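Q: I am new to this structure and would like a close look at one part of it. Please start from a single side chain and its charged partner, then follow the side-chain contacts outward from there.

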Amino acid sequence: MTKWVYTFGDGNAEGRAGDRELLGGKGANLAEMCSLGLPVPPGFTITTAACNWYYAGGRAYPAELTAQVEAALAEIGRIAGRRFGDPASLLLVSVRSGARASMPGMMDTVLNLGLNDETVEALARESGDQRFAWDSYRRFIQMYSDVVLGLDHEVFEEILEDEKARLGYELDTEFTADQWKQIIALYKARISEELDRDFPQDPQEQLWGAIGAVFSSWMNARAITYRRLHDIPESWGTAVNVQAMVFGNMGDTSATGVAFTRNPSTGEKALYGEFLVNAQGEDVVAGIRTPQNITEKARINAGSDRPSLQKLMPEAFAAFTAICERLERHYRDMQDLEFTIERGKLWMLQTRSGKRTAKAALKIAVDMANEGLITRQEAVARIDPASLDQLLHPTIDPKAKREVIGHGLPASPGAATGEIVFSSAEAEDARKAGRKVILVRVETSPEDIHGMHAAEGILTTRGGMTSHAAVVARGMGKPCVSGAGTLRVDTRAGTLVAAGQTLGKGDVVTIDGGTGQVLKGRVAMLQPELSGDFAAIMQWADTARRMKVRANAETPADARMARSFGAEGIGLCRTEHMFFDGDRIVAMREMILAADEAGRRAALAKLLPMQRSDFVELFEIMAGLPVTIRLLDPPLHEFLPKTDAEIAEVAGVLGVSADTLRHRTEALHEFNPMLGHRGCRLAVSYPEIAEMQARAIFEAAIEAAERTGSPVVPEIMVPLVGLKTELDFVKARIDAVAAEVMKEAGAEIEYLTGTMIELPRAALMAGEIAEAAEFFSFGTNDLTQTTIGISRDDAGRFLTQYVDKGIFVTDPFVSLDVEGVGQLIEIAADRGRATRPAVKLGICGEHGGDAPSIHFCEKTGLDYVSASPYRVPIARLAAAQAALKRG
């Protein structure tokens, strides 16, 4: 018989931390804490396998599940000395989701389950607190109706706000027991009115409704979006955790809170978190009440006059700090903890590896390595390469003038500028239109995840450092300022009132997630630098990796940025990008319009000194490091004007008639230019273009070597080769020019000639092509297009659907199609090495900055990857992790 349910409690557990695939992260860690003897309310976990069965069986449960759940409930009751559904010995439970990977706020939770019109009276008698009992019942109705019955929580919030206004209250804690009874009557009436059914009173019906709702939440819109953004497979499923309730809302000696063993924003080794007295867990993260600091130091730093947990409940605080230290040592990582204090007794409800900013991840990894808790190699392996993006973007210039219009909590570091929008839909529309926005909300909810992803940053007027907005923004690497209570947001009117000023949709603001400041208008930013913990991790990574990391760069600014980020050369210099400025585009167009070879050579002579000076500067910046220069690749029509107005203007500059220019443009038109007259095909038709570029390269190499004293070994790359005869033809021209330049200069030049493998035929014929090519650079953008038969420029219309429907696991233009495109790369590498064992192999498409693709490159034995300058550190770290994984 399949085991679907695993119990824990009273120091014993059927699972352990290593069972997260089966029990989910929450269930596995509850079992582990229980086995460690920590105070954990008893409970049980329904496995992720049951979730997969549920969906495979048309939302039905396995036959054995009911009996196993009943037995587990009885075991909880035995440990707690209570019985589920029995008013004489009342056991209430919570029902929570728990996937293998942490997905904060994405799925559903129900607290106080088992309450009804009868058991609420029993809870009141047993606790001796009528107000607590009826508050717990209204919370349960509100949560259960939202999660299970599908009645939006805002329906109940409206009733609550109306009653607060009528009674002149500001806080929920001001309601009396009798007033809660009246509010519950209003809640139940609204449920009957909206759903045409009464609120369920049978505890068993409540329990199975909640279990089904948690399983169903695995496929809700926000969970699907979160999984897509974080590459979490649908097949993982979620577990369900059912646990005996403990109450943080049982008066002034009770509390609930969330904490991290180290600061998740900065990485500082200090207990960090928030709590609320007389509250339940959802109150802390929902941002409805502003929470208090856990430590006295944090309270002082925050300038709060509300007492810390350390001051208010010193015994519970001491027990909690001891548990925090123990769990961090046990898991050897920063922990994210949830706890409840019920009448002075501490209970642990969750531990997991805490989500953190990239800055914090680096500091925590470096500090733990220096503390001897983990090794340097483990520190390198713990950093998500993609998360480094958070540190590779501008911050506000300290010298910039700041017009501060508000201040909140520094919930997620970094700075962002954008137009104000008040809804997630507006944020998404703006992103599609190419506009940068700041999402401004009173508070965010899980339904806002798509808008948060679309926005440059998030600003909320409610919520603390562990609110939904803060946690999700940190995970996304988005700047966030939360709890900016001095601001007033009216989403209906579309206004933000700040410092006496009224701003509307479209007005520009800047947020500083490092200080919590909200600024009016655009503010000057500073470029990032690699230093401190970042530099330490990069140094340890460089020691561990085998592959070199180059940059895709053709401008001096990009080349310098790449070097500052640790690039070990240029893996792709796209020479066509050098032809679009000022005099260059004029000369380029003259060359295209020329009637014969003599005319083309005359125009190319004007381009020669410009190309040469470009290459000299790149060679000097790279100071002897390899530079791979791709000969002209795009079709010629890309350099010509398109509209009648542009044609008329350009014709005037060139001194030709508009008709002449139009006819030439039309003659160059292609139905499928990506597979048309481009790459090496241009060099075959117009060898004088390749000859000019080769001369510029060789003359620049000699000049740069003389200036720097470092020998320059240029790598000349011929694009879009499909046949060895194409490469032979172009290489003969390159070699002839090299001989001419060396003779003229009286100097020897060492150089390599190779090709870009971007056609399936080139990959299959790599053994033959390697007879002429001294290096291969895999152009995975075009190789993906030509292998799968999908245009990257047009695929955006349907690729998202392919990923959503599981046809592609990920977008193949973002992460390499290892099975298809990857197989061609392996074939080309093997056949190329068989012909030329020392052939140099690299990758220069966008995949060169993607961690999973880099792991494939390491496995295939490529010599280097090349990425955009800002992704060089990501590639360095991913290459190190790939090498460590490979062993």
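A: Glu590 is partly exposed, its relative accessible area being 26%. The model is a predicted one. The partner of Glu590 is Lys606: their side chains form a salt bridge, with N and O 2.8 Å apart. Glu590 belongs to helix H21 (residues 582-593) and Lys606 to helix H22 (residues 597-622), so the bridge links distant parts of the chain, 16 residues apart. Lys606 has a relative accessibility of 43% and is therefore also partly exposed, because that class runs between 20% and 50%.

This pair is one of 60 salt bridges counted in the model. Another joins the side chains of Glu426 and Lys505, at 3.5 Å from N to O. Glu426 sits in helix H16 (residues 424-432), while Lys505 sits in the loop between strand E23 (501-504) and strand E24 (508-512), so this bridge ties together parts that are 79 residues apart in sequence. Glu426 is partly exposed at 24%, whereas Lys505 is exposed at 52%.

A further bridge runs between Asp542 and Arg876, whose closest N and O atoms are 2.7 Å apart. Here helix H19 (residues 532-544) supplies Asp542 and helix H34 (residues 872-886) supplies Arg876, so the parts tied together are 334 residues apart in sequence. Asp542 has a relative accessible area of 28% and is partly exposed. Arg876, at 7%, is buried.

Some charged residues form a network rather than a single pair. Arg131, Asp135, Arg138, Arg139, Glu161, Lys164 and Asp172 are linked by salt bridges in this way. Arg138 also takes part in a helix contact, as one of the H5 residues that meet H6.

The axes of helix H5 (residues 130-149) and helix H6 (residues 153-167) come within 8 Å and cross at roughly 145°. On the H5 side the contact is made by Arg138, Gln142, Ser145 and Asp146, and on the H6 side by His153, Phe156, Glu157 and Leu160. Sorted by class, this contact has two nonpolar, three polar and three charged residues.

Both helices also carry rings that pair with rings elsewhere, and the model has 20 aromatic pairs in total by count. Phe132 and Phe247 have ring centres 5.0 Å apart and planes at 80°, so they are edge-to-face; the cut-off for this class is over 60 degrees. Phe132 is in helix H5 and Phe247 in the loop between strand E8 (238-244) and strand E9 (255-260), so the pair ties together parts that are 115 residues apart in sequence. Phe132 and Phe247 are both buried.

Phe156 pairs with Tyr187, with ring centres 4.8 Å apart and planes at 70°, so this pair too is edge-to-face. Phe156 lies in helix H6 and Tyr187 in helix H7 (residues 177-195), so the parts joined are 31 residues apart in sequence. Phe156 and Tyr187 are buried.

Ring pairs can also build a cluster, as they do with Tyr54, Tyr55, Tyr61, Trp208 and Phe215. Charge and ring come together elsewhere. The charged end of Arg550 sits over the ring of Tyr864, 3.8 Å from its centre. Lys345 lies over the face of Trp347, 4.9 Å from the ring centre.

Definitions and conventions
Residues are numbered from 1 along each chain as its sequence is written. Side-chain values use heavy atoms; hydrogens and water are left out. Axes are lines fitted to C-alpha atoms, for helices over the stretch in contact, and angles run from 0 to 180 degrees between N-to-C directions. Helices (H or I, at least four residues) and strands (E, at least two) are DSSP runs, numbered from the N terminus. Contact means heavy atoms within 4.5 Å. Ala, Val, Leu, Ile, Met, Phe, Trp, Tyr, Cys and Pro count as nonpolar, Asp, Glu, Lys and Arg as charged, and the others, Gly among them, as polar. A salt bridge is a side-chain nitrogen of Lys or Arg within 4 Å of a carboxyl oxygen of Asp or Glu. Buried means under 20% relative accessible area, exposed over 50%, partly exposed in between (1.4 Å probe, protein chains only). Rings of Phe, Tyr and Trp (its six-membered ring) pair if their centres lie within 6.5 Å; planes under 30 degrees apart count as stacked, over 60 as edge-to-face and the rest as tilted. A charge sits over a ring if NZ of Lys or CZ of Arg is within 6 Å of the ring centre and within 35 degrees of the ring normal.
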